[in-house]
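Student: I'd like a close look at one helix in this protein, along with what surrounds it. Take me through it step by step, please.

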Amino acid sequence: MSDLRTPEVENLAFALAKIDDPDTVFALLEDMCTIREIKETSQRLDVARLLAAGKSYSAIEQITGASATTIARVSKCLSYGSGGYAAALEILKEHGE
């Protein structure tokens, strides 16, 4: 088990996985995170979506306002990460986003 996969993090992942209502997820995020954290996290998912669509770093910077460092980090995760972005993007694709 990695240092990140603690019982507390497992509980968070389990709770998020079991919530099937976007409004409830939003309420949990709003209670747990700062507005800035929510915006930065959602920006990263948008960056992943644009990278997967083949957009350039400069286009993504203009569209999202994300830094080149953030874009590079997301790109690295898309290529070598745990598959979380890919799973989230597939869910969004199925949802029509």
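Tutor: Before we zoom in, one term: accessible areas here come from the Shrake-Rupley method, run with a 1.4 Å probe. By that reckoning the chain exposes about 7500 Å², and carbon and sulfur atoms supply 55% of that area. Keep in mind that this is a predicted model. The average pLDDT over the chain is 95, and 98% of the residues score at least 70.

Now the setting. The chain has six helices and zero strands, so reading from the N terminus you get α-α-α-α-α-α. Its C-alpha trace spans about 40 × 30 × 30 Å along the principal axes. Of the 97 residues, 12% count as buried. Take the contacts with a separation of 6 or more: 36% of them are between residues 24 or more positions apart.

The helix I'd pick is α3, residues 35-52. It has 18 residues and reaches 26 Å from its first C-alpha to its last, close to the 26 Å expected at 1.5 Å a residue. Which residues of α3 are buried? They are V47, A48, L50 and L51. These four cover an arc of only 165 degrees around the axis, which puts them on the same side of α3. The background is simple helix geometry: with 3.6 residues a turn, residues three or four places apart point the same way.

Flip to the face turned away from that buried side, and you find the exposed residues I35, K39 and A52. For a sense of the labels, buried means under 20% relative accessible area and exposed means over 50%.

What do the buried residues of α3 pack against? Their partners are α4, α5 (68-80) and α6. Two of those partners also mark the ends of the confidence range among the elements: α4 (residues 57-64) has the highest mean pLDDT, at 98, and α6 (residues 84-95) the lowest, at 94. Just after α3 comes G54, with a positive phi of about 90 degrees.

Let's follow the partners a little. Between α5 and α6 runs a loop that holds S82. S82 is exposed, its relative accessible area being 85%. Its C-alpha is 17 Å from that of I71, which is 11 residues away along the chain. Over in α6 sits E90, which is partly exposed at 38% relative accessible area. The C-alpha atoms of E90 and L28 are 23 Å apart, and 62 residues separate the two along the chain.

Since you work at the bench, here are the cysteines too. How many disulfides does the structure hold? Zero. The sulfur of C33 has its closest cysteine sulfur in C77, 18 Å away, and that is too far for a bond; the cut-off for a disulfide is 2.5 Å between the sulfurs. Seen from the other end, C77 is in no disulfide, with the sulfur of C33 as its nearest cysteine sulfur. As for exposure, C33 is partly exposed at 29% relative accessible area, and C77 is also partly exposed, at 27%.

To come back to α3: one side of this helix carries V47, A48, L50 and L51, those buried residues pack against α4, α5 and α6, and the face turned away carries I35, K39 and A52.

Methods: Residues are numbered from 1 along each chain as its sequence is written. This is a predicted model: local features need pLDDT of at least 70, side-chain atom pairs count only at pLDDT 80 or more; totals for chains, interfaces and linings use all residues. Side-chain values use heavy atoms; hydrogens and water are left out. pLDDT is the predictor's confidence in each residue, from 0 to 100. Helices (H or I, at least four residues) and strands (E, at least two) are DSSP runs, numbered from the N terminus. The expected span of a helix is 1.5 Å times one less than its number of residues. Buried means under 20% relative accessible area, exposed over 50%, partly exposed in between (1.4 Å probe, protein chains only). The arc is that of the directions from the helix axis to the C-beta atoms. Contact means heavy atoms within 4.5 Å.
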